[in-house]
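Let's take a walk through a protein model together. Have a look at the sequence and the structure below, and keep them open as you read.

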Amino acid sequence: MTDSDDIVRALCRSWSTPDPDEIAAYFAEDAVYHNIPMEPVVGRAAIREFVAGFLTAFEAIDFEIHHQVVAGGLVMNERTDTMRGKDGRNTALPVMGVFEVNDGLVTAWRDYFDMTAVTRAFAAGD
């Protein structure tokens, strides 16, 4: 799979049945995953650990892509991410994502969202 659009869509789908190794495999070794309200995660191994840590509180995320535009290796999407909590509660989060894809791998992923909804979701799981 080398088409940037297909790679990003497949990466987004992979979160609905998340496997940290599968998700990390979409990234280049030196990739940067940055949820803008938080510190960036750098490197495939660190991204894998971030995903594994996320899965201690959540079962999965369902990405609903509303719009996606592609210009070469740059992919941008507007979407709603529904985080499925282990407690059975769902949290919907409006997100704007920017992906950079090179040689069939994601080299950068930046998500822009309001951290308040995420904080509430994590607090509810305590």
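Which residue forms a salt bridge with Arg48? The partner is Glu49, and the closest N and O atoms of the pair are 3.1 Å apart. Before going further, keep in mind that this is a predicted model.

**Charged pairs**

Here is the general idea: side chains of opposite charge can pair when their charged atoms come close. In this model the count comes to 9 salt bridges. Three of them, the pair you just met among them, are set out here.

| Salt bridge | Closest N to O distance |
|---|---|
| Arg48 and Glu49 | 3.1 Å |
| Arg79 and Asp81 | 2.7 Å |
| Arg110 and Glu100 | 2.9 Å |

Take Arg48 and Glu49 again: together with Asp21 they are linked in a network of salt bridges. Arg48 has a relative accessible area of 25%, so it counts as partly exposed.

Now for Arg79 and Asp81. Are these two residues buried or exposed? Arg79 has a relative accessibility of just 1%, so it counts as buried. Asp81 is buried too, because its relative accessible area is 6%, and the cut-off for buried is under 20%.

**Arg110 and its surroundings**

The third pair takes us to Arg110, which sits in strand E6, residues 105–112. Its salt-bridge partner is Glu100, at 2.9 Å between the closest N and O atoms. Arg110 lies in strand E6 and Glu100 in strand E5, so the pair ties together parts that are 10 residues apart in sequence. Both are partly exposed: Arg110 has 22% relative accessibility, while Glu100 has a relative accessible area of 29%.

Which other residues does Arg110 touch? Leaving out residues up to four places away in sequence, its contacts include His34, Ile36, Met96, Gly97 and Val98 as well as Glu100. There is also a nice example of how folding brings parts of a chain together: Arg110 and Asn35 are 75 residues apart in sequence, yet their C-alpha atoms are 5.8 Å apart in space.

**Gln68, a buried polar side chain**

Next, find Gln68 in strand E3. Its relative accessible area is 15%, so Gln68 is buried. What does its side chain make polar contacts with? One partner is the side chain of Asp5, at 2.9 Å, and another is the side chain of Asn77, at 3.0 Å. If you set aside neighbours within four places in sequence, Gln68 is in contact with Asp5, Val8, Arg9, Val75, Met76 and Asn77.

**The largest pocket**

Finally, let's look at empty space. Rolling a probe the size of a water molecule over the atoms shows where empty space is left. The largest pocket here has a volume of about 220 Å³. It is lined by 19 residues, and the closest to its centre are Tyr33, Asn35, Phe54, Ile61 and Met83. You have already met Asn35, whose C-alpha is 5.8 Å from that of Arg110.

Which kinds of residue make up the lining? The split is 14 nonpolar, 2 polar and 3 charged. Several parts of the chain contribute: strands E1 (27–35), E3 (58–71), E4 (74–85) and E5 (90–102), along with helices H3 (44–54) and H4 (115–124), each supply at least two lining residues.

Key
Residues numbered from 1 in each chain as written. Predicted model: local features only at pLDDT ≥ 70, side-chain atom pairs only at ≥ 80, totals over all residues. Heavy atoms only, no water. 1 Å grid on protein atoms, 1.4 Å probe; cavity = no way out; pocket = protein on both sides within 12 Å on 5 of 7 lines; lining within 4 Å. Points joined across faces, edges and corners; volume = space filled by probe spheres on them. Helix = DSSP H or I, 4+ residues; strand = E, 2+ residues; numbered from the N terminus. Nonpolar A, V, L, I, M, F, W, Y, C, P; charged D, E, K, R; others polar. Buried < 20%, exposed > 50% of the residue type's maximum accessible area, 1.4 Å probe, protein only. Polar contact = N/O pair within 3.5 Å; in protein donor to acceptor, adjacent residues only side chain to side chain. Contact = heavy atoms within 4.5 Å. Salt bridge = Lys/Arg side-chain N within 4 Å of Asp/Glu carboxyl O.
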